[in-house]
Amino acid sequence: MHDFASIDELTVLAPNGSYGDKTDSAQRGQAFHLSSVLPAISAAIGHPVATAVHKDPQGLQKAIGLPDVTSAIVVLVDGLGYWNLRLRLGHAPYLRSLFQDENNNRPLASCLPSTTTAAMGVFGTGTCPGLTGMTGYTQLNPDTGDLSQLIQFRDAQEPEDLQQQPTIFETLARQGVRVTSSGLPKFANSGLTRAALRGSHYIGNKDPRARILAAAQAAQKPGLTYLYIRDIDKVGHTAGWESDEWVAALERVDAQLATLKRESPKGTLIVIVSDHGMVAADSNDRFDIAEHEELQHGITLVGGEPRQVMLYLDDVEQTARTAERWQEALGERAVVRTRQDILDNGLLGTVDGRIKSVIGHIFISACGAATVVDSRIQSEQEINLPGVHGSQTYLESDIPCLIDLA
Ligand SMILES: [Zn+2]
């Protein structure tokens, strides 16, 4: 895709991504996928960690272009999609400078759904949602038969029971490698941290600058440092990514990242990635399930989120017919696929038998600026978010992987 892609071009569904180590494949994903980042970095610091999905961490290191180092910092900027960044690059002088390197001039693919819960599982374990069991913002909790919300693990299984893959952090720590996380104090033992990012020594700071400095300080010793930055996603949801507030947040984060480079010991590898991008929702293109009684028949739960809905059915035999009905009603707003389509195309990667039951029977991936909401169960605020993500469009699922050396 060229530099000046239009929003229309960026909000069609990207080709299906796939999981694996291939570096020369025409397929989207493979080595150039969010799941490759931590395995590749583990190889770069001399402690390669293979995962259930990635058997060749050294191959990934080479493909992504990471030098051998003793200390690495990986920064995850929540919600900073590759194209969101490219289209506002003038406001990010430090990040813009990184694009002069040819290696940084290509996006990686995030997972489907392009949402924090699923992507953190994929990032933290170097595997896929079919193995982590984290398949959406909300998904079925098989123990209760009701929805669970995986940002806070509300009404969910215990994080360690749901997500059973070893994290890269815990595998490294077990090998005696220093692993440090720098983030908000409240996330130190959150459900999401316990599920996807367990195993590090966590340093909590309320002040953003203190979090940057703590990461730079930790990097003085060999090993891996993880820094999480939340603002871009938060502002993207509440104000929309095309807003002045979002640009201001980008400017702040860019300055923070420049500080990180300045304060880090010479020779520290810095890798800046994201979990997903952001789409501006059009309230005129909002499809409210509550207003379509004819579609509600046979649907027991509506999970996922407005850009990536999962429908659970009471009669699985009706899946194909129901999917057809929904596709007809939604028209060009979304692509409707059955669970079988999703599994057959490897969109969740290898799927553990244990995980199958949490996955919806029907997947609705929104296109353009559309959202699919349900005002029976979602709050006014959730329904009206100006910024959303979760679907398989380029804007949501292309992420940066920017490499720098302090
Ligand atoms: Zn978000």
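Rings of Phe, Tyr and Trp, the last taken by its six-membered ring, form a pair if their centres lie within 6.5 Å. By that definition this structure, which is a predicted model, holds six aromatic pairs.

**First stop: the aromatic rings**

Select tyrosine 82 and tryptophan 83, whose rings form an edge-to-face pair with 4.9 Å from centre to centre and 85 degrees between the planes. Both tyrosine 82 and tryptophan 83 are buried, and if you add Phe99 to the selection you will have a cluster in which ring pairs link Tyr82, Trp83 and Phe99.

Next, select phenylalanine 123 and tyrosine 226, whose ring centres lie 5.8 Å apart with the planes at 40 degrees, so this pair is tilted. The pair links distant parts of the chain, since phenylalanine 123 belongs to helix H6 and tyrosine 226 to strand E9, 103 residues apart. Phenylalanine 123 is buried with a relative accessible area of 0%, and tyrosine 226 is buried as well, with a relative accessible area of 4%.

**Second stop: strand E9 and its neighbours**

Keep tyrosine 226 in view and extend the selection to strand E9, residues 223-229, where seven of the seven residues are buried. In a regular strand the side chains alternate between the two faces of the sheet. In E9 both faces are covered, with Gly223, Thr225, Leu227 and Ile229 buried on one side and Leu224, Tyr226 and Tyr228 buried on the other.

Which strands pair with E9 in the parallel sense? One is strand E3, residues 71-77, which pairs with E9 in the parallel sense over seven bridges; to find one of the matched positions, select valine 74, whose bridge partner in E9 is tyrosine 226. Another is strand E7, residues 179-183, which runs parallel to E9 and is joined to it by four bridges, and here threonine 180 stands opposite threonine 225 of E9.

**Third stop: the zinc ion**

Now select the zinc ion together with Asp233, His237 and His389, the residues that supply its protein donors. Asp233 gives two OD atoms, while His237 and His389 each give NE2, and these donors lie 2.2 to 2.5 Å from the ion. Along the chain the donors follow the spacing D-x3-H-x151-H.

Why is the arrangement of the four donor atoms irregular? The angles that they subtend around the zinc ion run from 54 to 156 degrees, which makes the arrangement irregular, because four donors count as tetrahedral only if all angles lie between 85 and 135 degrees. For comparison, the ideal angle at a metal with four tetrahedral donors is 109.5 degrees.

To see how two of the donor residues are placed, show helix H12, residues 231-239, in which aspartate 233 and histidine 237 are four residues apart and therefore separated by about one helical turn. Both aspartate 233 and histidine 237 are buried.

**Fourth stop: loops with particular backbone geometry**

Move to leucine 112 and proline 113, which are joined by a cis peptide bond with omega of about -5 degrees. Proline 113 is found in the loop between strand E4 (108-109) and helix H6 (116-125).

Select glutamine 30, in the loop between strand E2 (28-29) and helix H2 (37-44), where phi is near 55 degrees, a positive value in a residue other than glycine. Is this glutamine 30 buried or exposed? Glutamine 30 is buried, with a relative accessible area of 5%.

Phenylalanine 153 also has phi near 55 degrees, and its place is in the loop between strand E6 (146-149) and helix H8 (159-162). At 10% relative accessibility, phenylalanine 153 counts as buried, because the cut-off for that term is under 20%.

**Last stop: two buried strand residues**

Threonine 138 lies in strand E5, residues 138-141, and counts as buried at 12% relative accessibility. Leaving aside residues up to four places away in sequence, threonine 138 touches Leu147, Ser148, Gln149, Gly303, Gly304 and Met310.

Finish with isoleucine 270 in strand E10, residues 269-273, which counts as buried at 1% relative accessibility. With residues up to four places away in sequence again set aside, the contacts of isoleucine 270 include Ile73, Val75, Leu260 and Asp404. The C-alpha atoms of isoleucine 270 and aspartate 404 are separated by 5.0 Å, although the two residues are 134 residues apart along the chain.

Note on methods: Residues numbered from 1 in each chain as written. Predicted model: local features only at pLDDT ≥ 70, side-chain atom pairs only at ≥ 80, totals over all residues. Heavy atoms only, no water. Donors = N, O, S within 2.8 Å, 3.2 Å for Na, K, Ca; no water. Tetrahedral: all angles 85-135°; square planar, octahedral: opposite > 155°, others 65-115°. Buried < 20%, exposed > 50% of the residue type's maximum accessible area, 1.4 Å probe, protein only. Pairing = 2+ DSSP bridges. Contact = heavy atoms within 4.5 Å. Phe/Tyr/Trp six-rings, centres within 6.5 Å; stacked < 30°, edge-to-face > 60°.
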